[in-house]
Amino acid sequence: SGVEAQELAGDLVKSGLAACVNIMPSVSSVYQWQGKIESDEESLLMVKSRKDLLPQLTKYVKEHHSYDLPETIALPIMGGSKGYLDWVAENTNAK
């Protein structure tokens with residue numbers, strides 16, 4: 001839900017596991033779950049963090065998300081603004 005997405009995003013930033021979280025409030029998902037094809041509207045969170053925090057971030061999401069199997073995937077950063085990447089590094093420090 002939107003409320004759950006906002007709470008999770010805020011908690012990830014407060015905890016230092018994320019520097020920033022973008023919330024895309026409505027994405028259509030089609031997937032197979034327990035032998036059935038399902039279709040749902042979901043919120044998608046794009047979390048800006050560091051590779052070394054991925055295990056902690058994944059554990060946190062699994063423990064605090066209402067889904068049995070919440071999606072957590074990591075994409076490689078091929079490049080970007082040095083200032084922004086430095087900001088992400090400075091603003092992620094799991095507490």
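How many salt bridges does the structure hold? The structure, which is a predicted model, holds 5 salt bridges, and three of them appear in the close-up views described below, after a view of the whole chain and one of its hairpin.

**View 1. The whole protein, with its elements in the order α-β-β-α-α from the N terminus on.** The protein contains 3 helices and 2 strands, and its C-alpha trace spans about 45 × 25 × 20 Å along the principal axes. Of its 95 residues, 22% count as buried, while the surface that the protein exposes comes to about 7000 Å², with carbon and sulfur atoms supplying 56% of that area. Among the contacts with a separation of 6 or more, 60% join residues that are 24 or more positions apart. The protein carries 9 positive and 13 negative side chains, and the centres of these two sets are 9 Å apart.

**View 2. The hairpin of strands β1 and β2.** Strand β1, made of residues 20-33, pairs in the antiparallel sense with strand β2, made of residues 36-48, and 12 bridges link the two. Within this pairing, valine 21 stands opposite valine 47 of β2. Between the strands of the hairpin there are 2 residues, and here glutamine 34 adopts a positive phi near 50 degrees.

**View 3. Aspartate 11 and lysine 14, joined by a salt bridge.** The closest N and O atoms of this pair are 3.9 Å apart. Both residues belong to helix α1, which covers residues 2-15, and because they are 3 residues apart in that helix, about one helical turn separates them. Aspartate 11 counts as partly exposed, with 29% relative accessibility, whereas lysine 14 is exposed, its relative accessible area being 62%.

**View 4. Lysine 36 and glutamate 38, whose side chains meet in a salt bridge.** Side chains of opposite charge can pair when their charged atoms come close. For lysine 36 and glutamate 38 the distance from N to O is 3.9 Å. Lysine 36 counts as exposed at 53% relative accessibility, while glutamate 38, with a relative accessible area of 22%, is partly exposed.

**View 5. Arginine 50 and aspartate 52, with side chains that meet in a salt bridge.** The distance from N to O in this pair is 2.8 Å. Aspartate 52 has 51% relative accessibility and counts as exposed, whereas arginine 50 is partly exposed, with a relative accessible area of 23%.

Methods
Residues are numbered from 1 along each chain as its sequence is written. This is a predicted model: local features need pLDDT of at least 70, side-chain atom pairs count only at pLDDT 80 or more; totals for chains, interfaces and linings use all residues. Side-chain values use heavy atoms; hydrogens and water are left out. Two strands pair if DSSP finds at least two bridges between them. Helices (H or I, at least four residues) and strands (E, at least two) are DSSP runs, numbered from the N terminus. Buried means under 20% relative accessible area, exposed over 50%, partly exposed in between (1.4 Å probe, protein chains only). Contact means heavy atoms within 4.5 Å. Accessible areas come from the Shrake-Rupley method with a 1.4 Å probe; for residues, only the protein chains shown count as cover. Lys and Arg count as positive and Asp and Glu as negative; His and the chain ends are not counted. The place of a charge is taken as NZ of Lys, CZ of Arg, CG of Asp or CD of Glu. A salt bridge is a side-chain nitrogen of Lys or Arg within 4 Å of a carboxyl oxygen of Asp or Glu.
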